[in-house]
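Work through the exercises below with the sequence and the model at hand. Each task is followed by a solution in steps.

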Amino acid sequence: MRIMHLRNALISLVVTLSLLAGAAPPSPAARAAFEKGEAALASGNLDQASSAYQDAIKAAPGYAAALNGYGSVLFKKKQPAEAIAQFKAATEADPSFKLGWFNLGYAARKTNDFATASAAYARYTALDANDPDGFYGLAESYKGAGQNAQAISAYEQYIA
């Protein structure tokens, strides 16, 4: 009986560690669609990029980079609410995906959603304390929310 409990505990631990390690890598088809989306976005072909990112997401629904890429397309197409939803999905799919947090903060700040922006930038700066742009976005978000003391602190971190 004790061995069965230990076995079940071990299985539970392995499952938990697997989940903490992140999602499985995307399939070759998903990666290929993502790369196609990246190339199309870089060349300014938003419709092609949109289609390619959506293909990548269909092939790998939790593919944070593809969700983020699709969000970037939507933001460039002046669809900020939809873009923010994609950036949120990217950060939910991979909470350590720095670019998703930065883009979520930026898009939210540009739409005057300072609470979402400051939370996203705070997460981003926790993940990458060496990028001054994150602290600038955080400071601007706090400033927009009227949180002047926090804004000053973030500006100081930006300058440092």
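A contact means heavy atoms within 4.5 Å. The model is predicted, so local features need pLDDT of at least 70 and side-chain atom pairs pLDDT 80 or more, while totals for chains, interfaces and linings use all residues. Residues are numbered from 1 along each chain as its sequence is written, and side-chain values use heavy atoms, with hydrogens and water left out.

**Exercise 1. Contacts of Thr125**

Task: State which residues Thr125 touches, not counting residues up to four places away in sequence.

Solution.
Step 1. Locate the residue: Thr125 is in helix α7. Helices (H or I, at least four residues) and strands (E, at least two) are DSSP runs, numbered from the N terminus.
Step 2. Classify Thr125: its relative accessibility is 7%, so it counts as buried. Buried means under 20% relative accessible area, exposed over 50%, and partly exposed in between, with a 1.4 Å probe and protein chains only.
Step 3. With residues up to four places away set aside, Thr125 touches Gly134, Phe135 and Leu138.

**Exercise 2. The chain as a whole**

Task: Find how many helices and strands the chain has, and describe its burial and surface.

Solution.
Step 1. There are 9 helices and 0 strands, and the order from the N terminus is α-α-α-α-α-α-α-α-α.
Step 2. Of the 160 residues in the chain, 37% are buried.
Step 3. About 9200 Å² of the chain is exposed, and carbon and sulfur atoms supply 58% of that area. Accessible areas come from the Shrake-Rupley method with a 1.4 Å probe; for residues, only the protein chains shown count as cover.
Step 4. Take the contacts between residues at least 6 apart in sequence: 38% of them join residues at least 24 apart.

**Exercise 3. The nonpolar core**

Task: Determine which element gives the most to the largest nonpolar core.

Solution.
Step 1. A nonpolar core is a set of buried Ala, Val, Leu, Ile, Met, Phe, Trp, Tyr and Cys residues joined through side-chain atoms within 4.5 Å.
Step 2. The largest such core has 36 residues, and those with the most contacts inside it are Phe34, Ala49, Tyr53, Ala56, Tyr63, Ala66 and Leu104.
Step 3. Two or more residues of this core come from each of α2 (28-42), α3, α4 (64-76), α5 (80-93), α6, α7, α8 and α9.
Step 4. The element that gives the most is α4, with 7 residues.
Step 5. As a detail, Ala49 is in contact with Gly37, Ala40, Leu41 and Val73, leaving aside neighbours within four places in sequence.

**Exercise 4. Aromatic pairs**

Task: Count the aromatic pairs and classify two of them.

Solution.
Step 1. Rings of Phe, Tyr and Trp (its six-membered ring) pair if their centres lie within 6.5 Å; planes under 30 degrees apart count as stacked, over 60 as edge-to-face and the rest as tilted.
Step 2. The count by this rule is 7 aromatic pairs.
Step 3. For Phe102 and Tyr121, the ring centres are 5.6 Å apart and the planes stand at 80°, so the pair is edge-to-face. Phe102 is in helix α6 (residues 98-110) and Tyr121 in helix α7 (residues 114-127), 19 residues apart. Tyr121 is buried, at 0% relative accessibility.
Step 4. Tyr136 and Tyr155 have ring centres 6.4 Å apart and planes at 65°, so this pair is edge-to-face. Tyr136 belongs to helix α8 (residues 132-144) and Tyr155 to helix α9 (residues 148-159), so the pair ties together parts 19 residues apart in sequence. Tyr136, at 34% relative accessible area, is partly exposed, and Tyr155 is partly exposed at 22%.
Step 5. Ring pairs also link Phe34, Tyr53 and Tyr63 into a cluster.

**Exercise 5. Salt bridges**

Task: State how many salt bridges the structure holds, and place the partners.

Solution.
Step 1. A salt bridge is a side-chain nitrogen of Lys or Arg within 4 Å of a carboxyl oxygen of Asp or Glu.
Step 2. The structure holds 2 salt bridges.
Step 3. Asp47 and Lys77 meet at 2.8 Å, N to O. Asp47 lies in helix α3 and Lys77 in the loop between α4 and α5, so the pair ties together parts 30 residues apart in sequence. Asp47 is exposed at 56%, whereas Lys77 is partly exposed at 31%.
Step 4. Asp128 and Lys98 meet at 3.7 Å, N to O. Asp128 is in the loop between α7 and α8 and Lys98 in helix α6, 30 residues apart. Asp128 is buried, with a relative accessible area of 18%, while Lys98 is partly exposed at 35%.
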